[in-house]
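Trainee: I have a structure open and I'm not sure how to read it. Can you walk me through some features?

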Amino acid sequence: MEEKILVLDFGGQYNQLIARRVREQRVYAEIRAYNRITPQEIQAAGYKGIIFTGGPNSVYLDDSPHVDPAVFKLGIPVLGICYGCQLMAHTLGGLVTAAQDDSAREYGKTETCYDTSCALFKGLPQQGISWMSHGDYMAKVPEGFALVGHTKACPNVAIADEKRGFYGVQFHPEVNHTQYGADMIRNFLYEVCHVKGEWTMDDFCQRTVTQLRQKIGQGRVLLALSGGVDSSVLAALLAEAVGDQLTAVFVDHGCMRKNEGDEVESAFAKWNIHFVRVNAQERFLNKLKGVTDPQAKRRIIGAEFGYVFLDEALKFGITKEDFFAQGTIYPDVIESGAGDADVIKSHHNKLLPKEVVEQFQEVLEPLDHLFKDEIRQLGRELGLPEYLVSRQPFPGPGLAIRILGDVTREKLDILREADAIFREEIANSGCTDICSQYFAVLTNAKSVGVMGDGRTYENTLVLRSVTTDDFMTAEWTRIPYDVLDRVSVRIVNEVPHINRIVYDITSKPPATVEWE
């Protein structure tokens with residue numbers, strides 16, 4: 001039986017990131033909602049371990065998500081993270097309360113001490129930085145649990161009942177901000193669950209191709225192709241599974257980066273798939289006219305994308321036997337408000353009109369459990385060229401959500417040129433290794449300047465770059481000043497109607513990567 005870990009989802013923002021960290025350790029992980037799987041099903045599935053995720057609730061409230069206590073009688077090791085730790089304590093006889101003072105509440109990077117005799121912290125230094133995010137407090141830990149981690153403010157940030165294989169941490173080991181988090185997860189897998197670690201991305205690729213081939217059968221697949229990494233990798237995956245049963249429809253909404261539409265068409269012209277390009281700039285600009293709210297822009301673009309796609313699909317005489325595929329990945333899902341998570345920003349591929357979806361037998365989203373770096377890895381497994389696999393991330397709505405306020409043809413032209421200069425200088429400077437995603441944002445703020453001894457009152461442009469491996473958390477990139485200087489000088493000299501450049505130095509969280 002294949003080794004696998006169950007990630008039990010209680011509605012936190014980082015749930016899929018936990019699964020990803022497990023997969024990084026060559027162990028397959030599955031995510032299931034806490035109320036969608038029974039202890040009997042868990043037992044039958046043969047999971048080697050269970051991880052309880054974080055979540056936004058307080059375990060002592062009646063309407064908070066809980067777990068069947070029988071889970072703790074299965075003989076399967078359990079790791080509780082944040083809410084999951086408090087849930088374990090609450091269920092097994094401990095006491096969790098709201099923190100009575102600010103000292104018991106912990107948020108952000110926190111110096112933490114570990115008991116390295118505990119299997120969870122084996123081989124780690126005795127101190128490190130952990131990422132805290134909790135306002136509740138374990139006033140009493142359950143019988144049989146030892147305190148194995150503490151901070152200056154909190155004596156019980158980690159607990160363990162090693163005899164039963166139960167561990168809990170009030171911080172988030174899955175995020176990059178926790179210094180030795182990956183090591184803790186590895187220890188849980190190998191020291192506690194005793195896995196062998198034989199799962200690879202190649203396994204995922206082969207299994208997914210087989211599943212798609214079986215599901216699609218002799219049907220056709222129409223793929224909504226944006227030209228980005230995600231949909232490109234999905235095109236390769238589907239081509240591997242069903243070959244010329246695939247038709248890729250590239251909807252060019254006129255909000256692409258400079259020359260990008262032509263580049264996408266050129267790249268896919270070489271593939272053994274049916275490729276259709278739809279130039280729909282006027283249609284999208286008309287729909288966006290006068291719209292300033294970012295969520296409204298996303299909804300309009302997402303819906304119109306679906307309608308344009310459907311118009312093209314109908315030309316092929318689609319039937320209820322055909323499938324619709326799109327390159328949704330997990331950050332799209334979670335930021336759009338999956339499960340109990342908050343909506344951070346709605347992604348266009350999660351906003352398809354119902355009447356579009358109903359035309360097809362099923363919507364295929366086989367990449368919706370993967371992160372961006374895993375998508376790139378999968379692309380390499382499929383033999384895609386590196387220039388396509390390493391392509392800069394680009395949101396489905398394109399430049400429309402990098403223009404604050406209403407979207408016009410003139411603003412798109414201004415931003416296209418400025419963005420192209422920024423990306424060109426980053427490439428020329430050799431900074432692409434440290435810049436995971438970089439782009440320009442045209443704000444709706446104007447400021448006074450002086451050019452040619454004359455007063456100007458023009459647009460402010462923001463440069464944004466982040467460094468990350470998963471896009472769930474990100475640091476702002478420390479681009480050398482001389483590079484930023486060259487970018488600034490070139491843009492104000494070469495692009496009309498911009499007289500001020502600023503650089504965004506906000507990480508995620510509290511910001512998101514995109515501005516809208």
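Mentor: Sure, let's start with cysteines. A disulfide here is a pair of cysteine sulfur atoms within 2.5 Å. Keep in mind that this is a predicted model.

Trainee: Okay, how many disulfides does that rule give?

Mentor: The general idea is that a disulfide is a covalent bond between the sulfur atoms of two cysteines. In this case the rule gives a count of zero disulfides. Take C118, which is in no disulfide: the nearest cysteine sulfur belongs to C85 and is 12 Å away. That separation is not within the 2.5 Å cut-off.

Trainee: Is C118 buried or exposed?

Mentor: For this one you need a cut-off: buried means under 20% relative accessible area. C118 has a relative accessible area of 2%, so it is buried. C255 is buried too, because its relative accessible area is 1%.

Trainee: And where does C82 sit?

Mentor: Look in the loop between β4 (78–81) and α3 (83–91), and you'll find C82 there. Its relative accessibility is 6%, so C82 counts as buried. Here's something to check on your screen: C82 and G55 are 27 residues apart in sequence, yet their C-alpha atoms are 7.6 Å apart in space.

Trainee: Can I use burial for a whole helix? How many of the ten residues of helix α1 are buried?

Mentor: You can, by going through the helix residue by residue. For α1 (residues 15–24), nine of the ten are buried, so the helix is largely enclosed by the rest of the structure. The buried ones are N15, Q16, L17, I18, A19, R20, R21, V22 and R23. After α1 comes R26, which has a positive phi near 65°.

Trainee: Now for pairs of helices. How do I describe those?

Mentor: Two packed helices are described by the angle between their axes and the distance between the axes. Try helix α5 (residues 201–216) with helix α6 (residues 229–242): their axes come within 8 Å and cross at roughly 60°. That angle makes α5 oblique to α6. The crossing of α5 past α6 is right-handed.

Trainee: Which residues meet there?

Mentor: On the α5 side, C205, T208, V209, L212, R213 and I216 take part, and they meet L237, L238, E240, A241 and V242 of α6. Sorted by class, the contact of α5 with α6 has eight nonpolar, one polar and two charged residues.

Trainee: What about α6 and helix α12, at what angle do they cross?

Mentor: The axes of α6 and α12 (residues 372–381) cross at roughly 35° and come within 10 Å. This time the crossing, α6 past α12, is left-handed. V229, D230 and V233 are the α6 residues in the contact, and α12 brings K372, I375, R376, L378 and G379. The contact of α6 with α12 divides into four nonpolar, one polar and three charged residues.

Trainee: Then how do α5 and α12 pack, and at what angle?

Mentor: Their axes are 10 Å apart, and the angle is about 70°. An angle from 65 to 115 degrees counts as roughly perpendicular. So α5 and α12 are roughly perpendicular to each other. In the contact, M201, D202, F204 and C205 of α5 meet E374, Q377, L378 and E381 of α12. By class, the contact of α5 with α12 has four nonpolar, one polar and three charged residues.

Trainee: You mentioned a positive phi earlier. Which value does N259 have?

Mentor: N259 is not a glycine, but its phi is positive, about 65°. You'll find N259 in the loop between β13 (246–252) and α7 (260–268). Another non-glycine residue with a positive phi is H497, with a value near 70°. H497 is in the loop between α15 (481–494) and β20. With 35% relative accessibility, H497 counts as partly exposed.

Trainee: Last one, peptide bonds. Is the one from K508 to P509 cis or trans?

Mentor: Omega is the angle to read. From K508 to P509 omega is near -15°, and the bond is cis. The bond from P509 to P510 is cis as well, with omega near 15°. To find them, go to the segment after β20 (498–503), where P509 lies. P510 lies in the segment after β20 too.

Terms used: Residues numbered from 1 in each chain as written. Predicted model: local features only at pLDDT ≥ 70, side-chain atom pairs only at ≥ 80, totals over all residues. Heavy atoms only, no water. Axes fitted to C-alpha atoms, helices over the stretch in contact; angles between N-to-C directions. Helix = DSSP H or I, 4+ residues; strand = E, 2+ residues; numbered from the N terminus. Parallel < 35°, antiparallel > 145°, perpendicular 65-115°, else oblique. Left-handed = near helix turned anticlockwise from the far one by under 90°. Contact = heavy atoms within 4.5 Å. Nonpolar A, V, L, I, M, F, W, Y, C, P; charged D, E, K, R; others polar. Buried < 20%, exposed > 50% of the residue type's maximum accessible area, 1.4 Å probe, protein only.
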